[in-house]
Amino acid sequence: MARSRSISGYGIWKYLNPAYYLRRPRRLALLFIVFVSVSMLVWDRINLAREHEVEVLKLNEEVSRLEQMLEELKGVGDKPLKNLKDVPENPVDIQRRQKVKEAMIHAWSSYEKYAWGKDELQPRTKDGTDSFGGLGATMVDSLDTLYIMGLDEQFQKAREWVASSLDFDKDYDASMFETTIRVVGGLLSAYDLSGDKMFLEKAKDIADRLLPAWNTPTGIPYNIINLRNGNAHNPSWAAGGDSILADSGTEQLEFIALSQRTGDPKYQQKVEKVITELNKNFPADGLLPIYINPDNANPSYSTTTFGAMGDSFYEYLLKVWVQGNKTSAVKPYRDMWEKSMKGLLSLVKKSTPSSFTYICEKNGNNLIDKMDELACFAPGMLALGASGYGPDEEKKFLSLAGELAWTCYNFYQSTPTKLAGENYFFTAGQDMSVGTSWNILRPETVESLFYLWRLTGNKTYQEWGWNIFEAFEKNSRVESGYVGLKDVNTGAKDNKMQSFFLAETLKYLYLLFSPSSVISLDEWVFNTEAHPLKIVARNDPRKPTIALRQRKFGQQIKV
Ligand code: DMJ
């Protein structure tokens, strides 16, 4: 027994004795191979487990991001805008949005420092100018941008100025178009976002001063009105004392919104009468010349264009339809707009050699191969209106919108500064060439990129928008604000920071890098100065059905 114990003990321990293997090299090699294989297996398992952990972590993050997005989508309209900041997003978007916000802070603080209360800042002389009669145009135009960007202190300070110092009792001949889109639109948007009734009171005050402009034989308004005594007339340079198409057909959104919010139908009646009048002899191609006689509603023999003096008339036909919840009450607007889009198609041509799609102007029966940068709002409009067509037409218009946006983007890319000139000529064999070569910080192209991004989800539009933003940063940013360029070829600077740079250009760029639930296109409609107006029930203007949210101040509207 004792022997057998000692043998079996030796049997186990002999394998631990190195001498055993030295005498048996094949076993040593086998042992080595087994050891290496087991180690590799263990190492591989550990790594695999680690990789899985990382994967699971990423998937969990993705799941919670999607869950949060779903919550946001469910809660659209119920949550304050600031909660949207909590949704995790693409870090590049966040970074870019932050840069745009920083640009707004730079523009705003320069205005605050050198031109507080003035209409516009002159950055290079570091002073302000009252280009709109002293209505604090930049202040009012910026309110909603400040609000949307979460610049609460700045918004509050501007709000105090509006409440205490914005006085419309001025012996000044104001443009009813500019005053409506900037001041009435800006105030209404600030009201819709904040719920602060003071803004609505101010909007009513200025709108009441503009109302006599519509007292013409046809209801087509005079385009200039004295804010104190209500005397109205048309600009002396307009053909035969006519009214301008865009100036007469770009008040509908603001004045309808005002009737909805005050319960007083008089504003809506004035502006809708204009469209009813124009619809009486609306041509089959839906195109009107830029001058209309306010006494008999006859169009004058003049240019037809989607650029200066025509543009926003077409934009508002579509947007009143959107504002009216696309209901039968606003169907005539959609019908008119669809006719105009037939007309637009008849103006579309392609350049050679590069096949850029562009919208011509028209004089009589002659097509003119010229397109304003102002007409670059059209791709956005087409994208916004496309979904109201059947699937084939929708596809066609979306694709046209994309082609036109590419052309507009190239208005920027084709100059040495990468900023667009004011208008372009298209000559056979030479594609596009700059005509008037200034750039005054206009928004139309980034506006269209914003719509196209929102409506197609194609990130290319974000990239184009970012390139345009960088060109503004490079050429237009100065120590005390942003200036336009006298010439996009040389980069020579002017001395004005247009109020629409803060109202539109920076807002659309900011929204281009924001989640689509921030000012959702299902709930808001932008006026032509980029002031978002809340879409409310069309049929009962006396009873607002919106529950406006308050962030920090302002009153909740009861539904
Ligand atoms: C703005 O006042 C508005 O966008 C208007 O419709 C056209 N002109 C400027 C911006 O370019």
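Helices H16 and H17 are roughly antiparallel to each other, and this pair is a convenient place to enter the structure, which is a predicted model. Helix H16 spans residues 444–456 and helix H17 spans residues 460–475; their axes come within 9 Å and cross at roughly 155°. An angle over 145 degrees counts as roughly antiparallel, so the description of H16 and H17 follows from their crossing angle. The crossing of H16 and H17 is left-handed. On the H16 side, the contact is made by Thr445, Val446, Leu449, Leu452, Trp453 and Thr456. On the H17 side, Tyr461, Gln462, Trp464, Gly465 and Ile468 take part. By class, seven of the residues in the contact of H16 with H17 are nonpolar, four are polar and none is charged. A general feature of helices is useful here: an α-helix has 3.6 residues a turn, so residues three or four places apart point the same way.

A second pair of helices may be read in the same manner. Helix H14 (residues 378–386) packs against helix H15 (residues 391–413) at an angle of about 160°, with the two axes 8 Å apart. That angle makes H14 roughly antiparallel to H15. The crossing of H14 and H15 is left-handed. From H14, the residues Pro379, Leu382, Ala383 and Ala386 meet a set in H15 made up of Glu394, Phe397, Leu398, Leu400, Ala401, Leu404 and Ala405. This contact of H14 with H15 has 10 nonpolar residues, one charged residue and no polar residues.

The wider setting of these helices is a protein with 18 helices and 19 strands. Of its 559 residues, 55% count as buried. The accessible surface of the protein comes to about 24,200 Å², and carbon and sulfur atoms account for 54% of that area. Among contacts between residues at least 6 apart in sequence, 67% join residues at least 24 apart.

Two further helices show what burial looks like at the level of single residues. Helix H5 (residues 137–148) is mostly covered, with 12 of its 12 residues buried; among them are Asp141, Asp144 and Tyr147. Just after H5, glycine 150 takes a positive phi of about 75°. Helix H10 (residues 252–262) is also mostly covered, with 10 of its 11 residues buried. The buried residues of H10 include Glu254, Phe255, Ile256 and Arg261. Glycine 263, just after H10, has a positive phi of about 80°.

The loops hold several further points of interest. Most residues other than glycine have a negative phi, and most peptide bonds are trans. Methionine 309 is not a glycine, although its phi is positive at about 80°. This methionine 309 lies in the loop between strand S8 (303–304) and helix H12 (311–323), and at 25% relative accessibility it counts as partly exposed. Lysine 418, in the loop between H15 and strand S14 (423–427), has a positive phi near 65°. Lysine 418 is partly exposed, with a relative accessible area of 36%. A cis peptide bond joins threonine 352 and proline 353, with omega about 5°. Proline 353 is placed in the loop between strand S9 (348–350) and strand S10 (357–359).

Finally, alanine 284 is in the loop between helix H11 (266–280) and strand S7 (291–292). Alanine 284 counts as exposed, at 65% relative accessibility. Although alanine 284 and serine 340 are 56 residues apart in sequence, their C-alpha atoms are 8.2 Å apart in space.

Methods. Residues are numbered from 1 along each chain as its sequence is written. This is a predicted model: local features need pLDDT of at least 70, side-chain atom pairs count only at pLDDT 80 or more; totals for chains, interfaces and linings use all residues. Side-chain values use heavy atoms; hydrogens and water are left out. Helices (H or I, at least four residues) and strands (E, at least two) are DSSP runs, numbered from the N terminus. Buried means under 20% relative accessible area, exposed over 50%, partly exposed in between (1.4 Å probe, protein chains only). Contact means heavy atoms within 4.5 Å. Accessible areas come from the Shrake-Rupley method with a 1.4 Å probe; for residues, only the protein chains shown count as cover. Axes are lines fitted to C-alpha atoms, for helices over the stretch in contact, and angles run from 0 to 180 degrees between N-to-C directions. Angles under 35 degrees count as roughly parallel, over 145 as roughly antiparallel, 65 to 115 as roughly perpendicular and the rest as oblique. A crossing is left-handed if the near helix is turned anticlockwise from the far one by less than a right angle, and right-handed if clockwise. Ala, Val, Leu, Ile, Met, Phe, Trp, Tyr, Cys and Pro count as nonpolar, Asp, Glu, Lys and Arg as charged, and the others, Gly among them, as polar.
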